[in-house]
Amino acid sequence: MPHKTFLAFILPSIVAMLLFIALPIVSVAVQSLFVEHQKVLLTVETCQPLGGCSTETRVDSEASAKLRAEQPLGQFNGLGTYFNRAHLAFDEIGEILRVNSGLGDVAARIYDLPFYRALAFTLAYTFIVTPLAMLLGFVIALAVNIVPALLKGPVIFFSLLPMIITPLIGSLILFWMINSEGIIGATLQAVFNDPTLSLKASPVLTWATLFVYGVWTNAPFSFVVFYAGLQTVPGDTLESAMIDGASRWERIRYVVMPHLAPLATFVALVQLMDNFRVFEPIVGFSAQANATSLSFSIFNDLRNQNAQLYGSAGATSLLTIAGVVVLLMPVLIRTWREHAHKS
Amino acid sequence: MSVAMRRPLPLNILATVFVVFWLFLAAFPFLWTVWGSLKVESDFFSRESFWNAIFGVRTQLETGGQFTTAGYEGAWVTNAFWKSAINTLIVTVSVTMISLTLGTLGGYALARSGHRYAFWILIAALVFRAMPHITLVSGYMLPFFQLNIWGHLPTAIIVLVAINQPFTLWMLHSFFLSIPKDLDESAMVDGCSRFEAFRRVVIPVMWPGVITTGLFSFLLGYNDFAVTAMLLNQNNQTMIPKISSFLGSINDAGNVMYAVAAVVSATVPLFILVLFFQRQIVSGLTAGAVKG
């Protein structure tokens with residue numbers, strides 16, 4: 001296809017992506033170098049006829065607003081935002097590494113820093129939920145493959161629901177059930193005979209609840225893909241493996257699993273990308289006290305009641321994008337190699 | 001199937017039990033919430049026992065009936081959830097239509113180009129696809145405030161279209177690859193220009209792929225929270241941010257039930273979607289995987 005025709009076809013799409021994906025990244029990068037204006041303070045001396053004089057400091061709202069209108073980005077701060085306590089916190093980490101009482105202490109104190117807290121949960125969620133959901137999906141696919149056809153239809157129908165459900169809605173539905181007055185929460189209290197048991201109270205339980213939600217909503221995708229893959233496993237290979245005396249497990253291990261390996265790579269890639277942006281469940285489960293993610297910290301900065309912290313949100317955003325690139329690196333390198341090999 | 005492939009009975013039973021168990025896990029939360037949305041708050045969130053939610057003890061006492069639609073009335077009438085539903089309809093339909101129009105053109109070009117830069121565009125799209133939406137949202141807000149376009153539906157629509165483009169391009173690109181090149185090339189030999197070939201030959205055969213991609217575009221627009229929550233003002237809120245705003249005022253009695261009713265209402269379209277398009281959704285999920 002000539003370059004000109006290609007361009008004519010793809011231009012609208014490219015323009016949309018450049019304007020609303022590439023440009024915002026630049027905008028985020030610029031924003032992250034600035035920090036909100038300090039409020040303009042005004043010292044006023046008021047003298048009472050009898051009580052003498054007193055000085056008070058007030059916020060000059062007019063001057064503050066004017067300053068904001070002139071420089072909407074705020075003050076230039078360089079890379080300051082990246083290194084402050086709310087982000088990479090190099091000073092604090094240096095301090096922790098210098099003075100500490102053992103590895104546990106270091107971990108606990110680093111975990112107290114907001115950025116590392118969010119990073120820890122995001123990574124834990126990504127790398128725990130993805131394999132567990134794939135495993136569950138694989139087992140469901142194996143099981144559905146051998147149950148009577150009568151069951152297959154309803155199973156596929158209902159399995160799709162947890163996957164396509166709006167993340168916020170799905171997490172709310174589960175959140176109401178695990179509420180101490182909801183069906184699961186109340187039952188757990190009864191089972192453990194502990195009326196104060198609450199899945200929201202401790203960090204460990206909150207993390208576990210979010211992971212359970214993640215597996216619930218992610219497993220169907222693996223299930224559907226693996227189930228489709230199972231239909232294409234060559235019957236001849238299975239049969240010859242059996243003639244050679246392979247047990248049921250060995251057939252799964254040495255015939256089915258290698259056959260599904262390319263699909264597993266695809267599923268893992270998609271789910272790692274999706275889980276890395278974990279955000280809605282934290283809102284839905286009101287879990288921010290015990291678990292925050294990178295996406296949630298950005299949301300929180302933008303939602304700040306007093307002043308929207310664009311600088312801080314921008315810095316976290318860029319660090320998150322860097323994380324995405326690192327996450328995709330193996331894929332990008334592989335694709336690049338294959339491409340270079342081909343041409 | 002040969003006799004040797006037959007499975008032992010215990011394995012069959014085990015598999016069936018497991019599948020039924022998964023079916024329960026997948027479906028029960030929805031059934032439970034639908035049922036509970038027709039009860040009063042003190043039943044759905046019962047301090048005594050969850051059996052109250054099943055039998056509706058307090059609902060009977062408070063309203064005189066087994067079921068109550070108070071939650072739905074509160075959400076749809078009192079809190080104008082219908083307005084959010086209309087906004088959602090506008091946003092999702094526009095996002096789907098525009099995404100598909102841009103996506104089919106772009107996807108077709110990528111599938112037929114054969115030049116090296118087409119590959120790099122796809123790789124860039126993959127990186128864009130992986131980016132958390134909220135990171136982009138933080139880049140939109142200041143410029144949109146400055147340009148005075150923050151808060152309006154068209155703004156959110158165009159942003160969602162752009163965010164959706166990488167996925168649409170990938171999906172339609174691989175779909176167009178499966179349509180034989182000979183088809184449009186023979187049309188061009190017969191004297192069509194590239195555009196005419198696209199219009200007369202490719203468009204008539206592309207609908208299965210477009211419908212599947214459209215379903216996922218619809219889901220993206222419908223399920224979005226990050227973009228719509230941050231970029232729309234109170235009047236233009238779509239359903240999902242509206243539900244989260246119900247939660248903000250959770251302490252007022254009865255408000256939780258509004259949220260429950262709204263959640264059930266917002267689930268209904270998704271349920272219908274799966275009911276009618278199950279085959280397309282499944283094929284869409286597996287298409288990307290098989291072609292990988």
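**Briefing: the interface of chains A and B, and Thr316(A)**

In this predicted model, 95 residues of chain A are in contact with 104 residues of chain B. Putting the two chains together buries about 9200 Å², and carbon and sulfur atoms give 81% of that area. The points below cover the polar and charged pairs of this interface, the make-up of the chain A side, and the surroundings of Thr316(A).

**Pairs across the interface**

- Between chain A and chain B, 15 residue pairs are in polar contact, with both residues of each pair at pLDDT 80 or more.
- The rule finds 1 salt bridge across the interface of chain A and chain B.
- Asp274(A) and Arg129(B) meet through their side chains in a salt bridge, with 3.3 Å from N to O.

**The chain A side**

- Helix α1 of chain A, residues 3-31, supplies the largest share of the side that touches chain B, namely 19 residues.
- Sorted by class, the side of chain A that touches chain B comprises 71 nonpolar, 17 polar and 7 charged residues.

**Thr316(A)**

- Thr316(A) belongs to helix α15 of chain A, which spans residues 310-342.
- The relative accessible area of Thr316(A) is 3%, and this residue therefore counts as buried, the cut-off being under 20%.
- Apart from neighbours within four places in sequence, the residues in contact with Thr316(A) are His87(A), Leu294(A), Ser297(A), Ile298(A) and Asp301(A).

Methods
Residues are numbered from 1 along each chain as its sequence is written. Chains are lettered from A and ligands numbered from 1 in the order in which they are written. This is a predicted model: local features need pLDDT of at least 70, side-chain atom pairs count only at pLDDT 80 or more; totals for chains, interfaces and linings use all residues. Side-chain values use heavy atoms; hydrogens and water are left out. Helices (H or I, at least four residues) and strands (E, at least two) are DSSP runs, numbered from the N terminus. Buried means under 20% relative accessible area, exposed over 50%, partly exposed in between (1.4 Å probe, protein chains only). Contact means heavy atoms within 4.5 Å. Buried area is the accessible area (1.4 Å probe) that two parts lose on being put together, summed over both. A salt bridge is a side-chain nitrogen of Lys or Arg within 4 Å of a carboxyl oxygen of Asp or Glu. A polar contact is a pair of N or O atoms within 3.5 Å; within protein, one must be able to donate a hydrogen and the other to accept it, and residues adjacent in sequence count only if both atoms are side-chain atoms. Ala, Val, Leu, Ile, Met, Phe, Trp, Tyr, Cys and Pro count as nonpolar, Asp, Glu, Lys and Arg as charged, and the others, Gly among them, as polar.
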